[in-house]
Amino acid sequence: MTDFVIAPAAPVALQVAGTAARFPVHRVFCIGRNYPWSADEPRPTAMPAWFMKPASAVVPAHGVLPVPPGTEDFCHEIELVVAIGRGGRDIDPAQAEAHVWGYAAGLDLTRRDLQQQAKRVGGPWEPAKAFDHSAPCTPLARASQCGHPRSGAIWLAVNGVDRQCADLADLLWPVSALIAMLSRSVALQPGDLVFTGTPAGVGALRSGDRITAGVAGIAELGMTVA
Ligand code: MN
């Protein structure tokens, strides 16, 4: 028997690619702008901003993607997702990869109109970012098998037309620097996911759109907007 006064939420988990094993998701960190979005923009010297989504926003990246309520500008962002297997604080960037259990491809779905409004008034980003089903994620590839990707295509197409096309080598701040930064701010814990930012080409999704996307050597996904 249990002393919980209501039923506790079921744990959120990601499938491990090619196995029946599951990776339990603890928290979801998301990195802001981390690719150059135009050729002539100056390279930033400050680390990008980070924000969070609830673990409950993580859903398998297949099947039907519901359009969230309260937006006229529902946007896709394809991202390399890092799964933390070993926690830590003040992690040395040179040791950061040892904390990574695996990688996936994920969508940081965004109610862009609410994000623009939040930016205007200095409000929080949760209404724009932390909604239900806002973090579809593929099964995880184990780092022990796929290695630690430093280059390779990251892409997203809608109805077969390319929207986002970049290379992991274009990341302004590499995964190791992101892990080090986050671990200086919070103690990273096993099960944490880090969405590492999206390249140029974000755009709106409409009902009936077919999304295909992926990260070379890691995972591909396909979803249909409800
Ligand atoms: Mn993003």
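Here are some exercises on this predicted model, each with a worked solution.

Residues are numbered from 1 along each chain as its sequence is written. Because the model is predicted, local features need pLDDT of at least 70 and side-chain atom pairs count only at pLDDT 80 or more, while totals for chains, interfaces and linings use all residues, and side-chain values use heavy atoms, with hydrogens and water left out.

**Exercise 1. Which secondary structure elements make up the chain, and how compact is the chain?**

Step 1. Start with the elements: the chain has four helices and 18 strands. Both are DSSP runs numbered from the N terminus, helices being H or I of at least four residues and strands E of at least two.

Step 2. Turn to the overall dimensions. The radius of gyration is 17 Å, close to the 17 Å from the globule rule for 226 residues, so the chain is as compact as a globular protein of that length. Here the radius is taken over C-alpha atoms, and the rule is 2.2 Å times the number of residues to the power 0.38. Along the principal axes, the C-alpha atoms fill a box of roughly 45 × 45 × 40 Å.

Step 3. Check burial and contacts. Of the 226 residues, 47% count as buried (under 20% relative accessible area; exposed is over 50%, partly exposed in between, with a 1.4 Å probe and protein chains only). Among contacts (heavy atoms within 4.5 Å) between residues at least 6 apart in sequence, 75% join residues at least 24 apart.

**Exercise 2. Which residues are the protein donors of the manganese ion, and how are they spaced?**

Step 1. List the donors: E77 (OE), E79 (OE) and D108 (OD) lie 2.0 to 2.1 Å from the ion. Donors are N, O and S atoms within 2.8 Å of the metal (3.2 Å for Na, K and Ca); water is not among the atoms, so sites may look incomplete.

Step 2. Read the spacing along the sequence, which is E-x1-E-x28-D.

Step 3. Place two of them. E77 is in the loop between β7 and β8 and D108 in the loop between β9 and β10, so this pair links distant parts of the chain, 31 residues apart. Both E77 and D108 are buried.

**Exercise 3. How do salt bridges connect K53, E77, D108, R112 and K129?**

Step 1. Begin with the full search, which finds seven salt bridges (a side-chain nitrogen of Lys or Arg within 4 Å of a carboxyl oxygen of Asp or Glu).

Step 2. Take D108 and K53, whose closest N and O atoms are 2.8 Å apart. D108 lies in the loop between β9 (100–107) and β10 (110–111) and K53 in strand β4 (residues 50–53), so their bridge ties together parts that are 55 residues apart in sequence. Both D108 and K53 are buried.

Step 3. Next come E77 and K129, with closest N and O atoms 3.4 Å apart. K129 belongs to helix α2 and E77 to the loop between β7 and β8 (78–84), so the pair ties together parts that are 52 residues apart in sequence. Both E77 and K129 are buried.

Step 4. For another bridge, look at E97 and R150, at 2.7 Å between the closest N and O atoms. Here E97 counts as partly exposed at 27% relative accessibility, and R150 is exposed at 57%.

Step 5. Put the partners together: salt bridges that share partners join K53, E77, D108, R112 and K129 into one network.

**Exercise 4. Is the pair of F74 and F131 stacked or edge-to-face?**

Step 1. Recall the rule: rings of Phe, Tyr and Trp (its six-membered ring) pair if their centres lie within 6.5 Å; planes under 30 degrees apart count as stacked, over 60 as edge-to-face and the rest as tilted. The structure holds four aromatic pairs.

Step 2. Apply it. The ring centres of F74 and F131 are 6.2 Å apart and the planes stand at 65 degrees, so the pair is edge-to-face.

Step 3. Look at the surroundings. F74 is buried at 3% relative accessible area, and F131 is buried at 6%. The charged end of K53 sits over the ring of F131, 5.8 Å from its centre (NZ of Lys or CZ of Arg within 6 Å of the ring centre and within 35 degrees of the ring normal).

**Exercise 5. Which elements do the buried residues of α4 pack against?**

Step 1. Helix α4 (residues 175–185) is mostly covered, with nine of its eleven residues buried.

Step 2. Those buried residues pack against β3 (28–31), β4, β8, β9 and β15 (193–195).
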